[in-house]
Amino acid sequence: MLENLRNFFSFQDINVLYVSLGTIILGASAAVVGSFTFLRKRALIGDAIAHAILPGICLAFLLSGTKNYLLLIVGAFISGWVSILLVDYISKNSKIKEDTAIGLILSVFFGFGVLLLTYIQQSGNSAQTGLDSFLFGKAASMVQQDVIIFSIISILLVVMVGLFYKELQLISFDENFARSIGLPVKGLIFMLSSLTVLAVVTGIQAVGVVLMAALLITPTAAAKYWSGYLPRILLIAAFIGGFSGFSGTAISYVAPNMPTGPWVVMVLSLIAFISIFFSPKKGIIAKAIIQVRHRQRIQDENIIKTFFQIAEAEESFGEPKTIKMIREKRYYSDKLILKILRRLKRHGYLSQTKEGYFLSSFGQKKAARLVKLHRLWELYLTDYLRIAPDHVHEDADTIEHLITPELEKRLEEKLGYPEVDPHNSKIPYD
Amino acid sequence: MVGDAISHAVLPGIVIAFLWSGSRDSVTMLIGAGILGILTTFLIEFFTNKGKLQSDASIGVTFTWLFALGVILISAFTGQVDLDQECVLYGEIAYVPLDTIVLASGLDIGPSAIYLLGTVFILVIAFIILGFNQLKITTFDPQYAISLGISATLWNYLLMSFVSFTTVASFESVGAILVVAFLIAPAATAYLLTQDLKKMIILSCIIGILSAIGGHFLALSINGSIAGAMASVAGVLFGIAFVYVRITSRKVAKITSAEPINA
């Protein structure tokens, strides 16, 4: 195992170098092209193309009788193209939705391809062996010639994306705007589709029909969790694509009976899952933490405010309050109140004696500010937006947690440091 | 497209069921695939709703991952699993008659696939007849269904499990990709031709049967894959229906536009 690993990274076997280079180039360029179809929300069109090229390959073989690589690619290209046109035509000219059209075209084309393939296999033409490498991929058996072809096509793809970057960006984010400033949108979509077909035709030989969609979709899906800026998304996606291609190759070299393509996709998917869960800003876990913190803060502030309200009603500032008193004002369960009180104590808002809890001076300041914000907002709503005084409480209850110090200052100035709120309650200032 | 995703994603379920039971026991395989079908549906919805990933991308990411996992499992246990990639992808219906069930008494009661498919067929029919109203409401108006107290989620998952069962049952015969042709093509053709759900279901059955028979003869005449030919015929039938609908709707459009406009 270790021996194999060392062999792999020393690249003594020239074929290892070719296969690694090939899969890296394929992974990276498919990711870049895939980003744009992803952003146009047509990620699955790549899946359709991948399946639809099979009849093209078979027909090219049947017509030429030889396994000329270039002819097969041309055949694949044409049938991939026809499939996109048909999906567009069907979804525009009938009530059938685009995803149904995609599923329909991909399966029917593939079925027709399988029919032709079996026909060829049974016709006894000896040149046919290896045609099914288009189906399952043959990453492990790439030779120098393949890598050269891949590199040329990939460079072409990346150069085209680079040249038309602005235009592609526009049609990905705002097609209507692109049209309104006079861009040839139809031509650009045609170009993007051609690039996608080309990426699929080459990539399919590394990972096979079914998994091709992953090379186009998954890197971008992962990259979007790390950045919202398109050039960076493209870079990250290309890196993820290339890295997965390389890792897949390494794994299948170290464990010889492991297939390359599925491992490439496995690595890609794992990276995507890590991104979806653990990305520090957009990940599911980060979002959940933010949500919990937000909810806790609102609970904390509500309880602090309740202390003030009880004290205000009984004119008993500084005297301890019990859980029972709090519950009468705030409809939380005893358990929740106790939890919040403990948290507040830990953060220094509260102190506890035998008789109960009371606000620290720090907590009193906080409570006064919250009540002030609540009442200022009520006043603002009644004075400036002409909302009836009995309708303003709910809104103020929400906004009091969100008002920033800057906003607080502007409110105070605009309202002229008022004494009382619309319900004649005194507004507390520091 | 979810049907397409499920048909690919059930692969690891089948392989695990196969490793676990050690045989091509249909019931275990159906259970394995059913679980994976539900898991797939769940993952897609999870990524879309919680992860805020656009829905087409979450479908793509989920099914390619599970399919890759399935292929890896097959490779890892090559010696033990009597499944191969080609069989998974395009199956071979011609071999179905060879795999027959022989009773203890030595009586040959016919191909096992027929019994499996027959059972699933009856289950599916029963599901659709019993759940017709619920399925109809949750499909067309999930909001309304919820207001009536019908759980749209539950019925969605039930439907997806049946999609998985059907997929697995068909998969030995036609493979994971071509089963999609049969899930989508007849229904899409029928959808073009009628507005009525009941008529659409019956019509799609007829179209399915026609493509199976037509495909069979096509394959025999050129000595090719039967499943591939069936999918091709289904595609041709869709094409005919599409052209027919286009022509008739154009006629209607002409008649209406030829009428004088009284402004």
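## A tour of chain B and three helices of chain A

Start by selecting chain B: of its 263 residues, 47% are buried, meaning under 20% relative accessible area with a 1.4 Å probe, protein chains only. This is a predicted model, in which local features need pLDDT of at least 70, side-chain atom pairs count only at pLDDT 80 or more, and totals for chains, interfaces and linings use all residues. Residues are numbered from 1 along each chain as its sequence is written, chains are lettered from A and ligands numbered from 1 in the order written, and side-chain values use heavy atoms, without hydrogens and water.

Switch chain B to cartoon view and you will find eleven helices and two strands, which are DSSP runs (helices H or I, at least four residues; strands E, at least two) numbered from the N terminus.

Next, select residues 284–314 and 334–346 of chain A: these are helix 14 and helix 16, packed at about 90° with axes 10 Å apart. That angle makes the two helices of chain A roughly perpendicular, a label for 65 to 115 degrees. Show side chains where they are in contact (heavy atoms within 4.5 Å): helix 14 brings residues including A:Ile303 and A:Phe307, and helix 16 brings A:Leu336 and A:Arg343 among them. The residues of this contact comprise seven nonpolar, two polar and two charged.

Finally, select residues 361–384 of chain A. This is helix 17, whose 24 residues reach 34 Å from first C-alpha to last, close to the 34 Å expected at 1.5 Å a residue. Stop at A:Arg386, which follows helix 17 of chain A and has a positive phi, near 55°.

Key:
Buried means under 20% relative accessible area, exposed over 50%, partly exposed in between (1.4 Å probe, protein chains only). Axes are lines fitted to C-alpha atoms, for helices over the stretch in contact, and angles run from 0 to 180 degrees between N-to-C directions. Angles under 35 degrees count as roughly parallel, over 145 as roughly antiparallel, 65 to 115 as roughly perpendicular and the rest as oblique. Ala, Val, Leu, Ile, Met, Phe, Trp, Tyr, Cys and Pro count as nonpolar, Asp, Glu, Lys and Arg as charged, and the others, Gly among them, as polar. The expected span of a helix is 1.5 Å times one less than its number of residues.
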